[in-house]
Each structure stands twice: as C-alpha cells, then as structure tokens.
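Trainee: Could we go through this model together, one strand at a time?
Mentor: Gladly; please keep the sequence and the structure open beside you as we talk.

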Amino acid sequence: TKRARPATLYKDGILIVAGGRTQDDATLQSIDIMRVTTKQWSTLVNFTLPRPLQNHQLISCGDTVYICNGAYTAEHQKGKHRYTALKSTWKMSWFNLIEAVLGDHSVEGRQWMELPCQTPFDALSSFSSPHSLFIVGGRDTEGHPQSAVHIYSPSQCKWVSLGQLKVL
C-alpha cells in the first residue's frame, strides 16, 4: 500500500508498516508486513491499528509493542485537509501481534489496549531500551516545539519527565 508518514517497526525478522497517509490525504488504519527472509509483503486483513493514524510511533519495549501519538484526518474540504493530533498510547503484547502477523487473524484477545495516560506532547520522537520507553521533544497544544524528555512508567501508567534537552 502506498503511504506517507507511517509507523514502522522491525523485530524478529518481521518489518511492520502501519497506518500513514494516502496520496489523496486519507489516513490509513491498515498494517502491512514483510517477512525479511522471504521478502514477501502482505496486508493484514482482519487486524488493524486501533484507529486510522499517521505521524505516530510504533515502538517495541520488552515483550510489548506500543503505539504513541499520531494524527488523523478530521475534515476534508475542497482539497484542504485538517488533521487532529492525538496524545493517546496503546499497547499489545508482541506475542499477540506476531500471531496476527503470522496468520492467526482471529481478533479474540488480540486487540490494542488504550492506556489511560496520554503523552504530554504530540509530534514527538521515541525510542526504547529493553525495559523502558522514552519520548523526546514534540509540540505543545499551541504548536510550540518542546525540549522535554520523558520515560514511560508501566507500573504507574504515566509519563515521567527526565528533564530538558540541552541545545547549544
């Protein structure tokens, strides 16, 4: 599927490309996968993102995959599109996601769970370590760039500030 601004994730020999924007500016909910060993692409039919998303992050942390942030097309008007930013975070176990990828497309027990906490900003960058999920920068509600660094605390289900980036 042609798409701009999707989220991507590579883990265990599988490349996942999820969501994004089409050439006519529609926001996608679909997930495409490629098994690197066979170089074969497929689109998951009965398994999608929790909602249409673009500009989002797909992050693996331990045995959990997270979707952070994103935006969706809120309005189409005569060739102009307005996007609504989201600060939501969803998660799913890598085991459940990989079962969907490898052919078990039943949705029972394989749904994205929205977390009750929101990221502090949108349009951010993310990375993970084996046990931690981090977000860097972003924009506040007025669109101003931010220099904050946050870590996600699964036990508290909240983003905790680690301080500010030092820009010279």
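**A hairpin and an open sheet**

Mentor: In this predicted model, the hairpin formed by β5 and β6 has two residues between its strands, and Gly62 there takes a positive phi near 65°.

Trainee: Why is strand β5 described as largely enclosed by the rest of the structure?

Mentor: Strand β5 covers residues 57-61. Gln57, Ile59 and Cys61 point one way from the strand while Leu58 and Ser60 point the other way, and all are buried. In a regular strand the side chains alternate between the two faces of the sheet. The strand is largely enclosed because the residues of β5 that are buried number five of the five.

Trainee: Which residue of β6 is the bridge partner of Ile59?

Mentor: Strand β6 spans residues 64-68 and pairs with β5 in the antiparallel sense, over five bridges. Within β6, the bridge partner of Ile59 is Tyr66.

Trainee: Which strands are the edge strands of the open sheet, and where do they lie in the sequence?

Mentor: The open sheet has four strands with antiparallel pairing, in the order β11-β12-β13-β14. An edge strand here pairs on one side only, which is the case for β11 (125-128) and β14 (158-164).

Trainee: What does the twist average from one strand to the next in that sheet?

Mentor: The order to follow is β11-β12-β13-β14. Going from one strand to the next, the twist averages 25°.

Trainee: Which residue of β14 is the bridge partner of His150?

Mentor: Strand β13, residues 148-153, pairs with β14 in the antiparallel sense over six bridges. In β14, the bridge partner of His150 is Ser161.

Conventions
Residues numbered from 1 in each chain as written. Predicted model: local features only at pLDDT ≥ 70, side-chain atom pairs only at ≥ 80, totals over all residues. Heavy atoms only, no water. Buried < 20%, exposed > 50% of the residue type's maximum accessible area, 1.4 Å probe, protein only. Pairing = 2+ DSSP bridges. Axes fitted to C-alpha atoms, helices over the stretch in contact; angles between N-to-C directions.
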